[in-house]
Structure formats: C-alpha cells, structure tokens
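Biologist: Hello! I am new to this structure and would like to understand the words used for it. Could you show it to me first?

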Amino acid sequence: MNPKLINLPKILDKRGNLSIIEEKQHIPFGIQRVYWIYDVPGGEYRGGHAFKENHELIVALSGSFDVVLHDGKEEKKYSLNRSYYGLYVPKMIWRSIENFSTNALALILASTDFSKEDYIRDFSSFQTLIK
Ligand code: TYD
C-alpha cells in the first residue's frame with residue numbers, strides 16, 4: 001500500500017467535535033503502540049528514518065507540521081493541520097517531520113512494538129534496501 005491521507009470520521013455537535021480511529025476499520029493495521037511528539041523547539045525536525053516492518057498513522061492533534069515522505073524514487077510533502085486527517089505511512093518509506101508550529105502535537109499510532117532494529121537511519125542504506 002502507498003502512503004495515503006485518511007479522512008477520519010468527524011462528529012459535529014454544538015458541544016464540540018469528536019473524531020475516531022478504529023484499527024482495521026479506518027486504518028489498514030492493528031495498533032500496537034501509541035506515542036506523541038510535542039514541545040518541539042522552532043526549526044527542529046523529527047524522524048529522518050524508515051522502518052523495515054512498522055506501519056504508522058500520523059495525526060496533527062493540535063497545531064501543524066509537514067511530513068516529508070520519500071519512497072526511494074520521489075519525495076512528497078504532506079502538510080497536516082487538521083485533527084481529523086491521518087497520514088498513513090507504510091513500512092519502507094523514509095520520513096521526516098518538520099516545520100512544527102508552536103504547540104504542535106503529533107499523535108502517532110504504530111503497528112509494532114518499539115524495536116531499535118526496525119529503524120533504517122541511513123538514507124543510502126534505505127535506497128539500497130528498497131531496490
Ligand atoms: P525516534 O523514533 O528517533 O524519534 P523521531 O522519529 O520522532 O525523531 O525516537 C527518539 C528516541 O525515543 C529514541 O532514543 C528511541 C526512543 N523511543 C522509544 O524508546 N520508544 C518508542 O516507541 C519511540 C517511538 C522512540
């Protein structure tokens with residue numbers, strides 16, 4: 001599967017909005033782990049790696065940031081700034097997250113437990129592996 005922006009359900013109500021993610025219903029994987037990135041100083045970026053097995057969904061719960069994806073051939077930038085959009089990032093996609101706004105909160109749902117061995121942190125190794 002390719003990276004994909006997923007429009008999550010949004011339930012509007014005069015008391016406010018509510019959005020939902022159910023594994024295997026709205027995203028194409030089971031959720032094994034959840035983490036979030038916050039308090040990112042201006043000008044900093046996160047990521048700069050790919051995963052051999054892990055799939056992820058990235059949501060801008062608050063504020064905004066850009067997710068830059070590279071599949072070994074081309075780069076594509078997704079600007080996330082709505083909490084009802086999730087960016088599905090399959091395994092073996094190089095990704096960086098940058099241009100964080102003040103108070104940005106990135107929620108990340110992951111398909112696997114954390115494993116150092118699952119990371120590819122060198123872009124040229126990634127390009128060799130993807131071939
Ligand atoms: P890293 O994945 O490199 O962060 P990012 O991709 O956002 O730049 O993780 C930063 C540190 O946190 C690294 O030492 C590994 C650790 N970490 C865990 O221990 N468990 C986790 O689930 C994650 C995502 C990271």
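Modeller: Gladly. The second largest pocket is lined by Arg 33, Tyr 35, Ile 37, Arg 46, Gly 47, His 49, Arg 95, Tyr 119 and Arg 121. Please keep in mind that this is a predicted model.

Biologist: What makes Arg 33 a lining residue of the second largest pocket?

Modeller: Lining residues have an atom within 4 Å of a grid point of the pocket. Arg 33 is listed in the lining of the second largest pocket, so by that rule Arg 33 has such an atom. The space in this pocket is about 160 Å³.

Biologist: Which strands each supply at least two residues of that lining?

Modeller: Strand E4 (33–38) and strand E5 (46–51) do.

Biologist: How many residues of each class line the second largest pocket?

Modeller: There are 3 nonpolar, 2 polar and 4 charged residues. Gly counts as polar and Tyr as nonpolar, so Gly 47 falls in the polar class and Tyr 35 in the nonpolar class.

Biologist: Now to the ligand. Which residues surround the ligand?

Modeller: Arg 33, Tyr 35, Ile 37, Arg 46, Gly 47, His 49, Arg 95, Phe 114, Tyr 119 and Arg 121 surround the ligand. E4 and E5 each supply at least two residues of this shell. By class, the shell has 4 nonpolar, 2 polar and 4 charged residues.

Biologist: Why does the pair between Arg 46 and the ligand count as a polar contact?

Modeller: A polar contact needs a pair of N or O atoms within 3.5 Å. An N or O atom in the side chain of Arg 46 is 3.1 Å from an oxygen atom of the ligand, so this pair meets the cut-off. With Gly 47, a backbone N or O atom lies 2.8 Å from a ligand oxygen atom, and Arg 121 places a polar side-chain atom 3.0 Å from an oxygen atom of the ligand. On its own the ligand has 530 Å² of accessible area, and the protein covers 63% of that.

Biologist: Let's look at the sheet. What makes E8 and E12 edge strands?

Modeller: The open sheet has 5 strands in the order E8-E7-E10-E5-E12, with antiparallel pairing. E8 and strand E12 (119–120) each pair on one side only, and they are the edge strands.

Biologist: How do you know that E7 and E10 pair?

Modeller: Two strands pair if there are at least two bridges between them. E7 and strand E10 (residues 94–98) have 5 bridges, in the antiparallel sense, so the condition is met. Leu 69 stands opposite Arg 95 in E10.

Biologist: Where does the largest pocket get its lining?

Modeller: Its lining consists of Met 1, Asn 2, Pro 3, Leu 69, His 70, Asp 71, Glu 74, Glu 75, Lys 76, Tyr 78, Pro 90 and Ile 93. Strand E7 (65–70) and strand E8 (75–80) each supply at least two of the lining residues, and E8 gives the most, with 3 residues. The volume of this pocket is about 230 Å³, and its lining has 6 nonpolar, 2 polar and 4 charged residues.

Biologist: Why are some spaces called cavities and others pockets?

Modeller: In a cavity a 1.4 Å probe fits but cannot get out, whereas a pocket is an open set. The search of the whole structure finds 2 cavities of 30 Å³ or more.

Biologist: Which residues line the largest cavity?

Modeller: Phe 51, Asn 54, Glu 56, Val 89, Pro 90, Lys 91, Met 92, Ile 93 and Arg 95 line the largest cavity, which holds about 40 Å³ of space. These residues divide into 5 nonpolar, 1 polar and 3 charged.

Biologist: And what lines the second largest cavity?

Modeller: The residues there include Arg 33, Phe 51, Thr 112, Phe 114 and Tyr 119. About 30 Å³ of space lies in the second largest cavity.

Technical notes: Residues numbered from 1 in each chain as written. Predicted model: local features only at pLDDT ≥ 70, side-chain atom pairs only at ≥ 80, totals over all residues. Heavy atoms only, no water. 1 Å grid on protein atoms, 1.4 Å probe; cavity = no way out; pocket = protein on both sides within 12 Å on 5 of 7 lines; lining within 4 Å. Points joined across faces, edges and corners; volume = space filled by probe spheres on them. Helix = DSSP H or I, 4+ residues; strand = E, 2+ residues; numbered from the N terminus. Near = heavy atom within 4 Å. Polar contact = N/O pair within 3.5 Å; in protein donor to acceptor, adjacent residues only side chain to side chain. Areas by Shrake-Rupley, 256 points an atom, 1.4 Å probe, with all protein chains shown as cover.
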